[in-house]
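Colleague: I should be grateful for a close look at the disulfide in this model and at the parts of the chain around the cysteines. Please set out how the surroundings are built, strand by strand.

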Amino acid sequence: QVQVVESGGGLVQAGGSLRLSCVVSGRTFSLYGMNWFRQAPGKGREFVAAISWSDPNTSYKDSVKGRFIISRDNAKNTAYLQMNSLKPEDTAVYYCNAESRQGTGSVTYWGQGTQVTVSS
């Protein structure tokens, strides 16, 4: 089992910054990827950013490229999402998930989410 806990959300003015954290515990030796998603009111959950657990590969949603940076600290079992130049349309609940190898397959574990509100 893997447990995922996000933190760092809050209220910020447009143009401001926030850093989200995602702490993973449990079977961390089986992790191979961490991802951030978000869900705005009345909309579906969408991909924001991803990072491999063992190499520098990252990927981003087009609308956050150049503004958001995903990183990780393996020693702390933590992934981060640095969000800069925030816009009102970034307002959403942000979720982290951890992808874990389980036997011949994989399992994705989700956190409970952290609210980010960007005021104009």
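Modeller: A search of the whole structure, which is a predicted model, finds one disulfide. The two cysteines are Cys 22 and Cys 96, with sulfur atoms 2.0 Å apart. The link is left-handed, with -80 degrees about the S-S bond. Distant parts of the chain are joined in this way: Cys 22 belongs to strand S3 (residues 18–26) and Cys 96 to strand S9 (residues 92–102), and 74 residues separate them. A disulfide is a covalent bond between the sulfur atoms of two cysteines. Cys 22 has 0% relative accessibility and therefore counts as buried, the cut-off being under 20%. Cys 96 also counts as buried, because its relative accessibility is 0%.

I turn next to the surroundings of Cys 22. This residue stands opposite Ala 79 in S8. S3 and S8 are antiparallel partners, paired over six bridges. Both strands belong to an open sheet of four strands, in which the order is S1-S3-S8-S7 and the pairing is antiparallel. S1 and S7 are the edge strands, each pairing on one side only. On average, neighbouring strands of this sheet are turned by 15 degrees against each other, direction ignored. Strands of a sheet pair through backbone hydrogen bonds, either parallel or antiparallel.

Beyond S3 comes a loop that leads to strand S4 (31–39), and Thr 28 is found in this loop. Thr 28 is buried, because its relative accessible area is 17% and the cut-off is under 20%. Apart from its neighbours within four places in sequence, Thr 28 is in contact with Trp 53 and Asn 77.

The strand of the other cysteine, S9, has a partner in S11. These two strands run antiparallel and are joined by three bridges. In one of the pairings, Ala 92 has Val 116 of S11 as its bridge partner. S11 also pairs with strand S2 (residues 10–13), here in the parallel sense and over four bridges. There, Gln 13 has Ser 119 of S11 as its bridge partner.

The side chains of S11 alternate: Thr 114, Val 116 and Val 118 point to one face and are buried, whereas Gln 115, Thr 117 and Ser 119 point to the other face and are not buried. In a regular strand the side chains alternate between the two faces of the sheet.

Both cysteine-bearing strands also contribute to the nonpolar interior. The largest nonpolar core has 29 residues, and those with the most contacts inside it are Met 34, Trp 36, Leu 81, Met 83 and Tyr 94. S3 and S9 are among the elements that give two or more residues to this core, and the others are strand S1 (2–7), S4, strand S5 (45–52), strand S7 (68–73), strand S8 (78–83) and strand S11 (114–119). Met 83 illustrates how these parts come together: leaving out residues up to four places away in sequence, Met 83 touches Gly 16, Ser 17, Leu 18, Leu 20, Arg 67, Phe 68, Tyr 94 and Val 116.

S9 also takes part in an aromatic arrangement. Three aromatic pairs are found in a search of the whole structure. In one of them, the rings of Phe 37 and Trp 110 have centres 5.1 Å apart and planes at 65 degrees, so this pair is edge-to-face. Phe 37 lies in strand S4 and Trp 110 in strand S10 (residues 105–110), so the pair ties together parts 73 residues apart in sequence. Phe 37 counts as buried because its relative accessibility is 19%, whereas Trp 110, with a relative accessible area of 38%, is partly exposed. The rings of Tyr 95 and Trp 110 have centres 6.5 Å apart and planes at 80 degrees, so this pair too is edge-to-face. Here the link runs between strand S9, which holds Tyr 95, and strand S10, which holds Trp 110, and the two residues are 15 residues apart. Tyr 95 counts as buried, because its relative accessibility is 13%. Together, Phe 37, Phe 47, Tyr 95 and Trp 110 form one aromatic cluster.

Conventions. Residues are numbered from 1 along each chain as its sequence is written. This is a predicted model: local features need pLDDT of at least 70, side-chain atom pairs count only at pLDDT 80 or more; totals for chains, interfaces and linings use all residues. Side-chain values use heavy atoms; hydrogens and water are left out. A disulfide is a pair of cysteine sulfur atoms within 2.5 Å. Buried means under 20% relative accessible area, exposed over 50%, partly exposed in between (1.4 Å probe, protein chains only). Contact means heavy atoms within 4.5 Å. A nonpolar core is a set of buried Ala, Val, Leu, Ile, Met, Phe, Trp, Tyr and Cys residues joined through side-chain atoms within 4.5 Å. Two strands pair if DSSP finds at least two bridges between them. Axes are lines fitted to C-alpha atoms, for helices over the stretch in contact, and angles run from 0 to 180 degrees between N-to-C directions. Rings of Phe, Tyr and Trp (its six-membered ring) pair if their centres lie within 6.5 Å; planes under 30 degrees apart count as stacked, over 60 as edge-to-face and the rest as tilted.
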